[in-house]
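Q: I'm new to this one. Can you walk me through it piece by piece?

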Amino acid sequence: MSQDNAWGAQQETDASYLADKSQVTEPSFDWTEPFTVDGGIIPLDDLVDATINAVVPVLRPIFQVIAEPIAWILNGIEALLLWIPAPFIIVALALLALKFSTRAIAIGSFVGLLSIGLIGAWDAAMTTLSLVITSLFFCIIIGLPMGIWLSRSDKAVSIVRPILDAMQTTPAFVYLIPIVMVFSPGKVAGVIVTIIFAVPPVIRLTNLGIRQVPADLIEAAKAFGTSPRQLLFKVQLPLALPTIMAGVNQTLMLGLSMVVIASMIAVPGLGLMVLQGIGRNDIGIATVGGLGIVILAIILDRITQHIGSKQHK
Amino acid sequence: MKTKLSVQNVYKIFGKHPKKAMSLLERGKSKDDIFSSIGQTVGVNDASFDIYEGEIFVIMGLSGSGKSTMVRMLNRLIEPTKGKIFLDDVDIAQLNDEELRQIRLHKISMVFQSFALMPHLSVRDNVAFGLDLAGEVSETERIERANAALDRVGLLANGDSLPKELSGGMQQRVGLARALCINPDVLLMDEAFSALDPLIRTEMQDELLRLQAEDKRTIVFISHDLDEAVRIGDRIAIMQDGDVVQVGTPDEIINQPANDYVRSFFRGVDVSTILTAKDVARRKQQTLIKKTSDTGLSTSLQLLKDNDRDFGYVVDASNHYIGVVSIDSLKQAQSKQQSLEHALLKQPHAIDADTPLGDLISDVAQAPCSPAVINDQGKFLGIISKTILLEALDRQTGDPL
């Protein structure tokens, strides 16, 4: 906790700096150019710094507890994917594609995965895949109930919507640092960052999908005596499924697009290959990593897209 | 007749301040006043009527008259603001959620204008929907009962189809089967056939009447179509701007409309298909010849001459219709020394009481005299003259004011 002392020292200077500013800037305040004050009139940046520094030591143990199940699932999936011989995974994914979508996509995913292996990105791809699957798992666990809740309350929507907007538009780099501060750098922090960025579509589209269920079907279901629970599970969710699957698909894609950024906080995988390529000016390794991400993305996208549209039929 | 559903002083106010609106209503304010002063809409205003067991009760009205609101209050898809709705001895308006759910699962089911079939379920699963929700019967029994219900509406072969693969009429048959599958006491039908084209609609009405002949269920049928109401309804309630303005049999409604609104339903309606011979047959202004053993030709002749008539209608002592005679035919028979039977004219034939007016126009127009109307026991009900027929048909086009 030497960090605390270091920041603590700075807090003192912060306070004196603020006090200084009030003395220095007040007399010379020019109302025609009110926003040229150094550091802003409202010192948001300092406030945030101060808050984060005060909160992090307190919350750190709590977040470590949260990190535990994420790490457990993540490591489990990764170990599993790396333990299963590559040919099995290639065939299994191709069969999965064959079951949920078309033969062309099955062949495509077979060729795609094969080429990931051939260009030497297999292990990195499996690490990335485990990261994405773990993120997706938590996104669904968080997003589905959230979406259901939002579909039932307009007030909840008005509160949560700006938060979702912020989650999707805030540059990931902004929350990268505080996340690392509470979770430590590594794969778990990577999953958390990915969840923040990728969970909004599941929430939004679950909400939308349930709200789009025709009112006359809801009325009919009620007329036949559905309990609120039956209404949700027998009518609303099945009818909203195509829309929810579109949300899952989007979440998956956003998750994959996060892997390069996540690699900046020491998350291994295809993202790290790209980052290393950029850092060492090594276009070759960056291309291998990039191509791996693209192939993985296309395969996952096509398969999940078809799960949604198959239900729709 | 036993009362199945009893609606007693039921109100529905739409808006955020139903209590305010109720107190204004009780102080005698009009619906328009209430809307302009506090913005509350009176959907149903003090509705009271009884629905008897085993009858088809039609609630009729224009859109916005409150008929759909009324029917939805019967199973509380819409909560009544005030009033009592008794199903047998249970006040539906007072039930808690679970009790209400049991009523919906077992006692009251509904058929919708938009069919409202679940698109993700097969036709059979749609029909079994209610049983599935109740969760009280095994899957085999559920399928069995769903198949039986499908069989009744003639769609047993389509059990595995999805609803969207069926035509509109077939989809509504599924809707009907879904409602019948739980074997409800009361069947609510909200403009159930309005979305169908006229030919299919008539077919569905026949289907409903056929099923009703087997079941004798209590049916509440919402319609905006008088033809339909008269065709299938045992009794009709007419709603206007949230008020129930008249309740009665089709004949009562047509012959004694309560107000101009009720009368306005006949405008553009084809009366000739609704009114039957017995509705317009008249007993007055005709000469009846009671045939007894001593009724001879000369007494009959004298009777016609006294009443200044050309034709006379012969009935027996218990009012069974025998035939029609004219002055000419009586004179002819008299000259040949024959009896009254020989004076009976070959034309016109008597008209059956239930013949719609549309089917007897040519009979009446071509007959030398007004034809007699008889009921199914052969009793004389009256006659239909050309004038009577014209007057009756004129009701559909004539301005009721």
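**Two chains, piece by piece**

A: Happy to. Keep in mind that this is a predicted model. Let's start with the domains of chain B. Four residues of domain 1 of chain B are in contact with six residues of domain 2 of chain B.

Q: Which element gives the most to the domain 1 side there?
A: Helix H13 of chain B, residues 271-274, with three residues. By class, the residues on that side of domain 1 of chain B are one nonpolar, two polar and one charged.

Q: Where do the two domains of chain B begin and end?
A: The domain assignment gives domain 1 as 3-273 and domain 2 as 278-394.

Q: How far apart are their centres?
A: The C-alpha centres of domain 1 and domain 2 of chain B are 46 Å apart.

Q: OK, on to the two chains. How many residues of each are in contact?
A: Chain B brings 16 residues and chain A brings 14.

Q: Which elements of chain B supply at least two residues to that side?
A: Helix H4 (97-106), strand S6 (108-111) and helix H6 (129-134) of chain B. H6(B) has the largest share, with four residues.

Q: And by class, what is that side of chain B made of?
A: Nine residues are nonpolar, five are polar and two are charged.

Q: Tell me about S6(B). Which of its residues point which way?
A: Ile108(B) and Met110(B) point one way, while Ser109(B) and Val111(B) point the other way. All of these are buried. That fits a general pattern: in a regular strand, side chains alternate between the two faces of the sheet.

Q: Which strand is joined to S6(B), and by how many bridges?
A: Strand S7 of chain B, residues 186-190, through four bridges. The two strands run parallel. Ile108(B) stands opposite Val186(B) in S7(B).

Q: Switching to chain A. How many helices and strands does it have?
A: Chain A has 14 helices and zero strands. Of its 313 residues, 35% are buried.

Q: What about its contacts along the sequence?
A: Take the contacts in chain A between residues at least 6 apart in sequence: 76% of them join residues at least 24 apart.

Q: Which residues of H10(A) are buried?
A: Leu217(A), Ala220(A), Ala221(A), Lys222(A) and Ala223(A), in a helix that covers residues 215-223.

Q: What do they pack against?
A: Helix H11 (228-257) of chain A, together with H4 and S6 of chain B. After H10(A) comes Gly225(A), with a positive phi near 95 degrees.

Q: Now the core. How many residues are in the largest nonpolar one?
A: It has 175 residues. Val127(B), Ala177(B) and Val220(B) have the most contacts inside this core. Its largest share, eleven residues, comes from helix H5 of chain A, residues 122-152.

Q: What is Ala177(B) in contact with?
A: Leaving aside neighbours within four places in sequence, Ala177(B) is in contact with Val127(B), Ala149(B), Leu150(B), Arg152(B), Val153(B) and Leu155(B).

Q: Last one: Leu25(B). Why does it count as buried?
A: Leu25(B) counts as buried because it has 22 C-beta neighbours inside 10 Å, and the cut-off is 20 or more. Leu25(B) is in helix H1 of chain B, residues 18-26. Leaving aside neighbours within four places in sequence, Leu25(B) is in contact with Ile34(B) and Val42(B).

Q: And how far is Leu25(B) from His342(B)?
A: Their C-alpha atoms are separated by 71 Å, and the two residues are 317 apart along the chain.

Methods. Residues are numbered from 1 along each chain as its sequence is written. Chains are lettered from A and ligands numbered from 1 in the order in which they are written. This is a predicted model: local features need pLDDT of at least 70, side-chain atom pairs count only at pLDDT 80 or more; totals for chains, interfaces and linings use all residues. Domain bounds come from an automatic or database domain assignment. Two residues are in contact if their C-beta atoms, placed from the backbone, lie within 7 Å. Ala, Val, Leu, Ile, Met, Phe, Trp, Tyr, Cys and Pro count as nonpolar, Asp, Glu, Lys and Arg as charged, and the others, Gly among them, as polar. A residue is buried if 20 or more other C-beta atoms lie within 10 Å of its own, exposed if 12 or fewer, and partly exposed in between; C-beta atoms are placed from the backbone. A nonpolar core is a set of buried Ala, Val, Leu, Ile, Met, Phe, Trp, Tyr and Cys residues joined through C-beta atoms within 7 Å. Two strands pair if DSSP finds at least two bridges between them.
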